[in-house]
Amino acid sequence: MTTPAFCLKDNVALVTGASRGIGRGIAKALAEAGTDVAGVSRSASTETQALVEAAGRRYLGLQNDLATASVADLNALVDRTAAHFGRIDILVNNAGITCRSPALELTEEDWNTVMQVNLHAVFFLCQAAGRYFVPQGRGKVINIASLMSYQGGVHIAPYVASKHGVAGITRALATDWAPHGVNVNAIAPGYIDTDMTEALQQNPVRAPEIRLRTPAGRWGTAEEIGKLAVYLASEESAFMHGSIVPIDGGWLAR
Ligand code: NAI
């Protein structure tokens, strides 16, 4: 019998924003590759749990609002995962929010909320996981960046700033932790069919513009992001450190 490609057998992953969209796609793909999953979400993640268990793996639901989580709360998410499964190997910082507003009308509260979820939680979850990964000499951090880690977008300044920051955190921690055998990388999805982009997909002007601007001529799927996450979580990507990997139907190439 041959070993399946990118086998992650008996690894344990913590995935934020696991209840739907890209996070659910990543949790499912990791489980199918052999990983037990702890999923962080604000509400119950029943569907994700069912998908992970259907793949024959264990699921731990961790309810938490990352918009208000303290550093102690974030440490506790990582510690509870490690205590429940007896180990932690993979952290996927997927949860993210956006706020659409012309810059002149943006409030401080909206700015802070986006920064809290998209940057503060990302960095301090990395730090908490790094306390396991660095001493054990192995571990995988996968942050979810965006095309907005490269571009300016339209009326989404805090999202753009935060996703540039996610790229920065990824590069900074990769540099710090590569000597310790820990891989820190990011995925930069293009336009993906999820709840976050529902309004854009329904927009009669922007939706066709986006499809035409994308060389592949379509939106991507959460399943496609999940497959890339499995590669970045596997030993096959051992020499990748600090890469921000676009998966965008050719958007950035154009
Ligand atoms: P989504 O809105 O469908 O899902 C976001 C996930 O994050 C949900 O599970 C939600 O519960 C969780 N989340 C949001 N705020 C939270 C909070 N305060 N506490 C705990 N969990 C919270 O979004 P989607 O599209 O699945 O996005 C996932 C990631 O991918 C985000 O970081 C997003 O910025 C990024 N991304 C998405 C793209 C797209 O086209 N959909 C493109 C590029 C990046």
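1. A good place to start is the open sheet of 7 strands, ordered β3-β2-β1-β4-β5-β6-β7 with parallel pairing. Two strands pair if DSSP finds at least two bridges between them. Helices (H or I, at least four residues) and strands (E, at least two) are DSSP runs, numbered from the N terminus. β3 (59-63) and β7 (244-247) stand at the edges with a single partner strand each, so one side of each has no neighbour in the sheet. From one strand to the next, the twist averages 20 degrees.

2. A word on what you are looking at: this is a predicted model, in which local features need pLDDT of at least 70 and side-chain atom pairs count only at pLDDT 80 or more, while totals for chains, interfaces and linings use all residues. Residues are numbered from 1 along each chain as its sequence is written, and side-chain values use heavy atoms, with hydrogens and water left out.

3. Now look at strand β2 (residues 36-41), where 6 of 6 residues are buried (under 20% relative accessible area, with exposed over 50% and partly exposed in between; 1.4 Å probe, protein chains only). Asp-36, Ala-38 and Val-40 point one way from β2, and Val-37, Gly-39 and Ser-41 the other way. Strand β1 (residues 12-16) pairs with β2 in the parallel sense over 5 bridges, and Val-15 has Gly-39 of β2 as its bridge partner.

4. Towards β7, strand β6 (residues 182-189) pairs with β7 in the parallel sense over 4 bridges. Here Ala-186 has Ile-244 in β7 as its bridge partner.

5. Two helices lie across strands of the sheet. α1 lies across β1, β2, β4 (90-93), β5 (139-144) and β6, at about 170 degrees to β1. Helix α4 (residues 108-136) lies across β1, β4, β5 and β6, at about 175 degrees to β4. Axes are lines fitted to C-alpha atoms, for helices over the stretch in contact (heavy atoms within 4.5 Å), and angles run from 0 to 180 degrees between N-to-C directions.

6. Finally, how do helix α1 (residues 21-32) and helix α8 (residues 222-233) cross? Their axes come within 7 Å and cross at roughly 50 degrees. That makes α1 oblique to α8 (under 35 degrees counts as roughly parallel, over 145 as roughly antiparallel, 65 to 115 as roughly perpendicular and the rest as oblique). Residues of α1 including Gly-21, Gly-25 and Ala-29 meet residues of α8, among them Ala-222, Gly-226 and Lys-227.
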